[in-house]
Amino acid sequence: MSEQTEVEADGNAAGGRAAARPSSAANLPVVEEAEATGEVAELYERFRTHFGRPRVPGILKCFATHPALLRNMMGLAEELLFVDGYLARRHKEMIATLVSTENACPYCADSHGYSLRTLGCSAEQLTAIQARDLTSAAFSSQDQALLAFVDKVTRASNSIQRSDIEKLIEAGWSEPQISEAVHIVALFATFNRIVNAFGVPSQHLLDVYRDQDVNAAAGDGH
C-alpha cells in the first residue's frame, strides 16, 4: 500500500503527519458542517436555529472534535457569553475583544470586535481597545476601570488583590459583575489558545466597518 493510499485509508499520514482531508483550520482538522453526524450535527443545527446564523463558526468546529466539549461550550454561549447577565452583553464583548487582542488571536479579536461594533461601540472605542489605550477619553471612567482590571487579570492574574476589587467597586461595579468579568477573561484565554493552535483564520468581519468608517470620514471632509 502506498503512503497516499494509507493516508486515504486512515485519514492520517504515516508517522503522524498532518491529516489528509481538507480542513478550514490550517493546523488540525475540525468537524466541518458537511461532515457532522449524530450529536455534533444536532448541536450545529441548534446553533443555527438559536443564534439565527446560517453558518457554524470555526471555533465551534474546533470544539466539535470532542462532542462533550461542544455541548458544554454551547451551553456557556447560550447562558453566559452571548446574553446580558450581571454584565451587559456589550461589556462582555469589550472584554472578549481586549483579551483576544492581548493574546494575539486574530480570529477572536476580529469576531468580537465586529460584535462589539454591532452593539454600538464607536470606531474610536474599538481603535483604543486594539491599541490597548485603556485610559482613552472614548471610555467612561467606569469602563476604564473595568478594562484596566481585565488587562491585569490577563497579564498578571497572580498579582490580583482585594484592593483591585475595591477599586472596581468604587468605580461602580458590583462583586457579581466583577466575578463575571473574571470568568469571561479566563474563558477567552482558553478560546484564543484553541483557535490559534488549530489555525483558524480571521473571518475579516471588521472589514465592513473599516470601509464604513473610511467612507464616513471622507464624507466629513477628513
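Here a trainee and a mentor talk through the helices, pockets and salt bridges of a predicted model.

Trainee: Let's start with helix 6. How many of its 13 residues are buried?
Mentor: Helix 6 runs over residues 106-118 and reaches 18 Å from its first C-alpha to its last, close to the 18 Å expected. Its buried residues include Tyr-107, Asp-110, His-112 and Arg-117. The helix is mostly covered, and the count of buried residues is ten.

Trainee: And just after helix 6, which residue takes a positive phi?
Mentor: Helix 6 covers residues 106-118, so look just past that stretch. The phi there is about 105°, and the residue is Gly-120.

Trainee: Which helix gives the largest share of the lining of the largest pocket?
Mentor: That pocket has a volume of about 490 Å³. Of its 26 lining residues, the closest to the centre are Arg-53, Pro-57, Phe-82, Ser-111 and His-112. Helices 2, 3, 4, 5, 6 and 10 each supply at least two residues of the lining. The largest share is seven residues, and it comes from helix 6.

Trainee: What about the class make-up there: how many residues of that lining are nonpolar?
Mentor: Take the other classes to begin with: five of the lining residues are polar and three are charged. The nonpolar residues number 18.

Trainee: Moving on, how much space lies in the second largest pocket?
Mentor: By class, its lining has eight nonpolar, four polar and three charged residues. The space in this pocket comes to about 290 Å³.

Trainee: Which residues are closest to the centre of that second largest pocket?
Mentor: There are 15 lining residues to pick from. The closest to the centre are Arg-55, Val-56, Pro-57, Gly-58 and Gln-203.

Trainee: Now cysteines. How many disulfides does the count come to?
Mentor: A disulfide is a covalent bond between the sulfur atoms of two cysteines. Cys-108 is buried, with a relative accessible area of 1%, and its closest cysteine sulfur, in Cys-105, is 3.5 Å away. The cut-off is 2.5 Å, so that pair is too far apart for a bond. The disulfide count is zero.

Trainee: On to salt bridges. Why are Arg-89 and Glu-93 separated by about one helical turn?
Mentor: Their side chains meet in a salt bridge at 2.9 Å, N to O. Arg-89 is partly exposed at 22% relative accessibility, whereas Glu-93 is buried at 1%. An α-helix has 3.6 residues a turn, so residues three or four places apart point the same way. The reason for the one-turn separation is that the two sit in helix 5, apart by four residues.

Trainee: Glu-180 and Lys-92 also pair up. How many residues apart are they?
Mentor: The two side chains meet in a salt bridge at 3.8 Å, N to O. Glu-180 is buried at 7% relative accessible area, and Lys-92 is buried at 2%. Glu-180 lies in helix 10 and Lys-92 in helix 5, and the pair links distant parts of the chain, apart by 88 residues.

Trainee: Arg-162 forms a salt bridge too. Which residue does its side chain meet?
Mentor: Arg-162 lies in helix 9, and its partner is in helix 10, so the pair ties together parts 13 residues apart in sequence. Arg-162 is partly exposed, at 45% relative accessible area, and the partner is partly exposed at 40%. The N to O distance is 2.8 Å, and the partner is Glu-175.

Trainee: Finally, how many salt bridges does a search of the whole structure find?
Mentor: Side chains of opposite charge can pair when their charged atoms come close. Glu-33, Glu-45 and Arg-48 are linked in a network of such bridges. Over the whole structure, the search finds 13.

How values were computed
Residues are numbered from 1 along each chain as its sequence is written. This is a predicted model: local features need pLDDT of at least 70, side-chain atom pairs count only at pLDDT 80 or more; totals for chains, interfaces and linings use all residues. Side-chain values use heavy atoms; hydrogens and water are left out. The expected span of a helix is 1.5 Å times one less than its number of residues. Buried means under 20% relative accessible area, exposed over 50%, partly exposed in between (1.4 Å probe, protein chains only). On a 1 Å grid over the protein atoms alone, a cavity is a set of points where a 1.4 Å probe fits but cannot get out, and a pocket is an open set with protein on both sides within 12 Å along at least five of seven lines; lining residues have an atom within 4 Å of a point. Grid points are joined across faces, edges and corners, and a volume is the space filled by probe spheres set on the points. Ala, Val, Leu, Ile, Met, Phe, Trp, Tyr, Cys and Pro count as nonpolar, Asp, Glu, Lys and Arg as charged, and the others, Gly among them, as polar. A salt bridge is a side-chain nitrogen of Lys or Arg within 4 Å of a carboxyl oxygen of Asp or Glu.
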